[in-house]
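Here is a friendly walk through a ligand site and a patch on the protein surface. Please keep the model open while you read.

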Amino acid sequence: MQLTGAQMIVRALEAEGVEHVFGIPGGSVISLYDALGDASFQTILTRHEQAAVHAADSYARVRGRTGVCIATSGPGATNIITGLANAHMDSVPLVAVTGQAATSVIGTDGFQEADIFGCSLPLVKHSFLVHSLKELPRALKGAFLIASTGRPGPVLVDIPSDIQKASGEFEYPEEIHFPGYDPEGNQDLSCLEEAVKTLFEASRPVIIAGGGTIISEASGELFTLATEAQIPVATTLMGKGAFPEDHPLSLGMLGMHGTPWANTAVSGADVILAAGVRFSDRSTGDRKQFASGARIIHADIDKAEFGKNVNADFPLLGHLSRILPEFHKRLSGPAKHHEQWLEEIGKVRESYALYETSGSGLNPAEVIRGVRSRVAPEDLVTTEVGQHQMWAALHWKTTVPRTFITSGGLGTMGYGLPAAIGAAFARPGRPVTCLSGDGSFFMNVQELETCVRFGLPVRVIVFNNGSLGMVRQWQELFWNKRYIQTCEEPACSISRVARAFGLSTWTVLDPSQLEEALDGAFAVEGPSLVECPIATEEMVYPMVPAGGRLDRFLHPSKS
Ligand SMILES: Cc1ncc(C[n+]2csc(CCOP(=O)(O)OP(=O)(O)O)c2C)c(N)n1
């Protein structure tokens, strides 16, 4: 069948079962956009390419399948770089299709020519620059394969405009192999028996569940193992939702802003089963002192993670959905109950009331609980980055995997609103909450227009503390209270800006108005915004100073 390159791209996306793509057209993808006019899937115009890539990323996290975005060459392509890095850090399957200057122009500093292939290389799982029409189907098939298998990640396919216009015979490969890429054969369980014995003989075991548990769809297996073997579970930020946070065995999040009981338990454990975690500095604090008394069983799909940050005594390579049942299967007879250990952790819980507020004005934790009570457990929440993100991590009880969507590794302000758009397309008809700060709000504010244009039920809750709060917090604690460039109140009203875009808005002038405002915002069909003034001085606690020991956290009510 004779097709143009542009038509081939559309056919390939259809063959991959794509239902939504996010992007912005331009000169070097104009033929692709022409072909998209006849596609069986929906193309969503965002107002900035960064939003397109974040929306596709969030869509992928929610749906558990590859998200797709499109950008034109030059500035369109460079605008997606942050999104590629964001998806890479959080292992999100994503295919980014970019237009490129025509092959005859490449290397001449042609109009809108930028070497996105070169720029992207350190920030993606893989990149293709398509040199000929013949290579195109294979590159696209390869992109979807590489993005979604093994440890998922973003793949860029850069396609010169003349290749999109050229015609040729189209045959989409059923299968594709790349020498040296064998994600399914990527398994080594040679330490399994020893690891199982070590875990089940432990007196003070802890499971740390990371994002890999969710990606591997292993939350059910994790639940069975933890509950039957009575092992408490801490999660990383990316692991939120891997284990229900309302379960008595849940310790919540560990790390820099982890709960006192998660950090104390991990620090005092004798055995840790780390499932799909990469031991980021935000989770471990001082790596040398991290869980120094524990032997570590590290289960992961990526062998590069073993020993990268924390020594793995028992590395288990493979899909967690296959590894975790191997533990559970070997739990013969009644589990060793860890009453004493659980009691010890329980005492830590009792001795701390999780810090919420300084008491001046609206309590951020209360705002979060107010929103939480208005949505179902399986409804989606996205966050921006800053104090409000950590308040959400601590106080938004997550019980269902793939519902807490946040920028973990890169910490990208401007992620949350586009992510809410991606989430709304991933789950049509369901409300999506976007928890934002006043600083982050302005990073991709133009996407309020996208929300309005599509009538998306996105509820933006802005924690307006008139500051870049998280940076201000560091300045308060570690930089002698020199608040340089962090306490610049927005010069315009956030609610009025949102109203100008067409959102229904509420401003909570007094804590007593919170409930009414949330009721109103959740009752409207399209997008809405609630502006919640928060005292600039509010802090996020607990806090382990960067590089500190996990069990040495700052917490005002420490007894
Ligand atoms: C794109 C980007 N730029 C800068 C930062 C550094 N940074 C981290 S948190 C933060 C402040 C966030 O302010 P806001 O959105 O108001 O949230 P708050 O901390 O006040 O809750 C900044 C500037 C970042 N994470 N991302």
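## The ligand and its surroundings

Of the 17 residues around the ligand, those that come nearest are Gln 387, Gly 411, Gly 439, Ser 440 and Gly 469; a residue counts as near if one of its heavy atoms lies within 4 Å. This is a predicted model, where local features need pLDDT of at least 70, side-chain atom pairs count only at pLDDT 80 or more, and totals for chains, interfaces and linings use all residues. Residues are numbered from 1 along each chain as its sequence is written, and side-chain values use heavy atoms, with hydrogens and water left out.

The shell around the ligand holds six nonpolar, 10 polar and one charged residues, with Gly counted as polar. At least two shell residues each come from α17 (387-395), α19 (438-441) and α21; helices are DSSP runs of H or I with at least four residues.

The table lists polar contacts, meaning pairs of N or O atoms within 3.5 Å.

| Residue | Atom of the residue | Distance to a ligand oxygen atom |
|---|---|---|
| Gly 439 | backbone N or O | 2.7 Å |
| Ser 440 | polar side-chain atom | 2.7 Å |
| Ser 467 | backbone N or O | 3.2 Å |

Taken alone, the ligand exposes 590 Å², and the protein buries 77% of that (Shrake-Rupley method, 1.4 Å probe).

Now to the surface. Trp 479 sits in the loop between α21 (469-478) and α22 (494-501). Trp 479 is exposed, with a relative accessible area of 58%, where exposed means over 50%.

Note on methods:
Buried means under 20% relative accessible area, exposed over 50%, partly exposed in between (1.4 Å probe, protein chains only). A polar contact is a pair of N or O atoms within 3.5 Å; within protein, one must be able to donate a hydrogen and the other to accept it, and residues adjacent in sequence count only if both atoms are side-chain atoms.
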